[in-house]
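Reader: I am new to this structure. Please take me through one part of it closely, the helices and the sheets they pack on.

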Amino acid sequence: MTEDVTLSPLGRADGSASYANNGYSVIAAVNGPVEVQRRDEIPEESAIDVVLRPASGVGGVRERHLESVIEKTLRQVILVSAHPRTLIQITLQVIASPDDSKASNGPHQSASNLSLLPTLLQSSILALLSTSLPLTMTLTSTLIAVSWSGELIFDPAARIVEKAASLHVLAFSSLGDILVAESEGTFDMDIWDQVYAMAEKHCRTLDPGAPARMADVDMESSKSASSEDSLKGIIEGKVAREYRWKES
């Protein structure tokens, strides 16, 4: 997995980040808290508005579905009670996507949209981290494909996504809770348990003293850093750059 992260690439947004992984590239912008229209006002917390713009054309039903998933997820991440009667706007612009086969019909059309969701979630949390908005937690997410032979594939390429029996997107909070569990395709509970175990292994920095929950999953990349470790490294680098002036 090769990630490309840039924090605060947009000068006029309150917070922004660009994130590229596995052929997808997304730039996220956060503005807020700003004034909210009275019809959208929530007395005791902030309203959250997520707008997803595709790489080409205009958004449709699929973009609205992804917006809904992201909005519900980020509402758990942002401390919305800190700024009641305001609006937090999150805009996600897809810059690039893999050259998938452009079939207009078929079961994999909706499944292929799941492959974009982890990139959208990661770019969103990175953009939020570049703002001064208070957060209750952070999150990390991943995509796992399951082949028709039962093989689990972490961070699959577009050609694997098209042929997969099922696709699964899971996101975990920094507190260990599962925030997103979106699946598409054909699978049973045994497969789901293996998917959960693999996703948790890649997303979270597990307590070495905790009981193993992944004994049945063969992980070739078990020695690699988790997504949570990568996110911590990005935050540490940001803080170090912002406080560099104190050293001069």
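Author: Start with helix α1. In this predicted model, α1 lies across β4 and β5. Its direction runs at about 145° to that of β4. Helix α3 packs on that sheet too, touching β1, β2, β3, β4 and β5. The direction of α3 makes about 150° with that of β2.

Now the sheet itself. Five strands form it, and it is open. Read across, the order is β1-β2-β3-β5-β4, with mixed pairing. The edges are β1, residues 3–7, and β4. Each of these edge strands pairs on one side only. Neighbouring strands are turned by 15° against each other on average, with direction ignored.

Look at one pair inside this sheet. Strand β2 covers residues 15–21 and pairs with β3 in the antiparallel sense. Seven bridges hold that pairing. Take Ser18 as a marker: its bridge partner in β3 is Ile27.

Next, the two helices together. Helix α1 spans residues 61–77, and helix α3 spans residues 117–129. They pack at an angle of about 40°, and their axes are 11 Å apart. That angle makes α1 oblique to α3. The crossing is right-handed. Which residues meet there? From α1 come Leu66, Val69, Ile70, Thr73, Leu74 and Val77. From α3 come Leu117, Leu120, Leu121, Ser124, Ile125 and Leu128. Of the residues in this contact, ten are nonpolar and two are polar. None is charged.

Follow α3 to the other sheet. This one is open as well, with four strands in the order β7-β6-β8-β9. Its pairing is antiparallel. At the edges stand β7, residues 152–154, and β9, residues 178–185. Each has a single partner strand, so one side of each is left without a neighbour in the sheet. From one strand to the next, the twist averages 20°.

Inside this sheet, β6 pairs with β8. Strand β6 covers residues 139–146, and strand β8 covers residues 166–173. They run antiparallel over eight bridges. Thr142 stands opposite Leu170 in β8.

Here α3 appears again. It packs on this sheet, touching β6, β8 and β9. The direction of α3 makes about 170° with that of β6. Helix α5, residues 189–203, packs on the sheet as well. It touches β6, β7, β8 and β9. The direction of α5 makes about 45° with that of β8.

Stay with β8 and move to its other pairing. Seven bridges join β8 to β9, and the two strands run antiparallel. Val169 has Glu182 in β9 as its bridge partner. The two strands form a hairpin, with four residues between them. In the turn, Gly176 has a positive phi of about 100°.

One more kind of link remains. A search of the whole structure finds five salt bridges. One joins the side chains of Arg85 and Glu41, at 2.7 Å from N to O. This pair links distant parts of the chain, 44 residues apart. Arg85 sits in the loop between α1 and β5, residues 86–96. Glu41 sits in the loop between β3, residues 24–35, and β4, residues 47–53.

To sum up, follow α3. It packs against α1. It touches the strands of the five-stranded sheet. It also touches β6, β8 and β9 in the sheet of four.

Definitions and conventions:
Residues numbered from 1 in each chain as written. Predicted model: local features only at pLDDT ≥ 70, side-chain atom pairs only at ≥ 80, totals over all residues. Heavy atoms only, no water. Axes fitted to C-alpha atoms, helices over the stretch in contact; angles between N-to-C directions. Parallel < 35°, antiparallel > 145°, perpendicular 65-115°, else oblique. Left-handed = near helix turned anticlockwise from the far one by under 90°. Contact = heavy atoms within 4.5 Å. Nonpolar A, V, L, I, M, F, W, Y, C, P; charged D, E, K, R; others polar. Pairing = 2+ DSSP bridges. Salt bridge = Lys/Arg side-chain N within 4 Å of Asp/Glu carboxyl O.
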